[in-house]
Amino acid sequence: MTRIPFNKPPITGRELEYLAKVFELREFSGNGTFTDWCQAWLKNRLGAADALLTQSCTASLEMSAVLANIGPGDEVIMPSFTFVSTANAIVLRHGVPVFVDIRPDTLNIDETKIEAAITAKTKAICAVHYAGICAEMDVINDIARRYGLTVIEDAAQALLSSYHGRQAGTLSDLACFSFHETKNVMSGEGGALIVNDPTLVERAFVIWEKGTNRRAFKLGTTDKYTWVDCGSSFLPSELTAAVLFAQLEQAERFNAERCAIWDRYHTGFSGLEAKELVRRPIVPTHCTHNGHLYYLLLKSETSRNRLIEQLRKNDIWAPFHYIPLHSAPAGQRYARSNGSLEVTDRVSGCLIRLPLYAGMSPEAADKVIDHVEAHLGS
Ligand SMILES: *Cc1c(COP(=O)(O)O)cnc(C)c1O
């Protein structure tokens, strides 16, 4: 029985060549040649004001919280159905994540629930593009404009996805990507902060380089290099950037390979959906996605857990997520919810993620489909 893993990080074959180049250049710390190339790739490919490589999407979210001036007691509206980093970035600034429910179709933040959650302390809205499918950013940006709020995209899963023809990561003031090994393009750990509001670019580079004006000094726009603001060491080393550059060059191919498997699953499960035994992902017509994730929603938590168990017995690894942040111990301590989170709770109990990676064989996908069908039964 061949094991079908949930994820298998893609390798292009050029990573080692580019790593050798780092050794040849003897340029190991951050902000060197490969960092420049990656940042230029992101900036040009997405059409952003600027792009900064970081050590993780988590780091990018933390930078965003600093750039949005989140301070003690400030509130940021976000979904509870997300990874912990979305909320942690705010909690680290002593701010308060305020959770609202998600849409039952895309599982993204329900934009119609945001306005009711706004208080005098609200500073920002953070939308997550779940499964690489964009949240309703036009509506979210309109609310933010009316209340003077910053908008942050947690675009960790959404590299090269689009919304009304615009790139994910360019739909707000600040956006955060992840290059963790579980994402479509990876450098082990890694991330990027995309700055779309041009007035935030200079400060973003200061925060990135430990609160110093090193960039202005390098560009010759100041004659002394000094500590000017708060900041940290958010930049990755050139070793990370070299691996990432090899991967970015193949980003389109990786996404296409993932989408082929995604489509195969989608067709394969149409029969089970017609019998109302599962619900498949829904992609709005104004969105294109990058094949990041294929999930199914089962009828109940019990049937979901049984399916996970059954697949595991056949050496197919299919996990669930997320434990909603509002029900986690730290979520109860540091955050609050606004309104019912009924969809979040239901989805979190019924969702299963299927194996999906670039280079996955159609036969492996068919095996997954066959086992799900056999178990849920005709
Ligand atoms: C993966 C992920 C993150 C964290 O990314 P890291 O690069 O591991 O820090 C944050 N938010 C979402 C929605 C993610 O999927």
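**View 1. Helices at the lining of the largest pocket.** In this predicted model, helix 3 (57–67) and helix 4 (84–91) each contribute at least two residues to the lining of the largest pocket. Helix 3 is the top contributor, giving three residues.

**View 2. Into the centre of the largest pocket.** Here we look at the space itself, which comes to about 540 Å³. The lining counts 29 residues, and those closest to the pocket centre are F83, Q157, T182, K183 and Y322. If you are thinking about chemical character, the lining splits into twelve nonpolar, twelve polar and five charged residues. Both domain 1 (15–248) and domain 2 (251–376) take part, each providing at least three residues of the lining.

**View 3. The open sheet and its edges.** Eight strands form an open sheet with mixed pairing, and their order reads 1-9-8-5-4-2-3-12. Strand 1 (50–54) and strand 12 (336–337) each have a single partner strand, so these two edge strands leave one side without a neighbour in the sheet.

**View 4. Where strand 12 joins the sheet.** Zoom in on one end of the strand order to find strand 3 (residues 96–100) running parallel to strand 12, with two bridges between them. Look for F99, which sits opposite S337 of strand 12.

**View 5. A helix packed on the sheet.** Helix 2 (residues 33–46) packs on the sheet and touches strand 1, strand 8 (174–178) and strand 9 (191–195). The directions of helix 2 and strand 1 make an angle of about 135°.

Terms used. Residues numbered from 1 in each chain as written. Predicted model: local features only at pLDDT ≥ 70, side-chain atom pairs only at ≥ 80, totals over all residues. Heavy atoms only, no water. Pairing = 2+ DSSP bridges. Helix = DSSP H or I, 4+ residues; strand = E, 2+ residues; numbered from the N terminus. Contact = heavy atoms within 4.5 Å. Axes fitted to C-alpha atoms, helices over the stretch in contact; angles between N-to-C directions. 1 Å grid on protein atoms, 1.4 Å probe; cavity = no way out; pocket = protein on both sides within 12 Å on 5 of 7 lines; lining within 4 Å. Points joined across faces, edges and corners; volume = space filled by probe spheres on them. Nonpolar A, V, L, I, M, F, W, Y, C, P; charged D, E, K, R; others polar. Domains from an automatic or database assignment.
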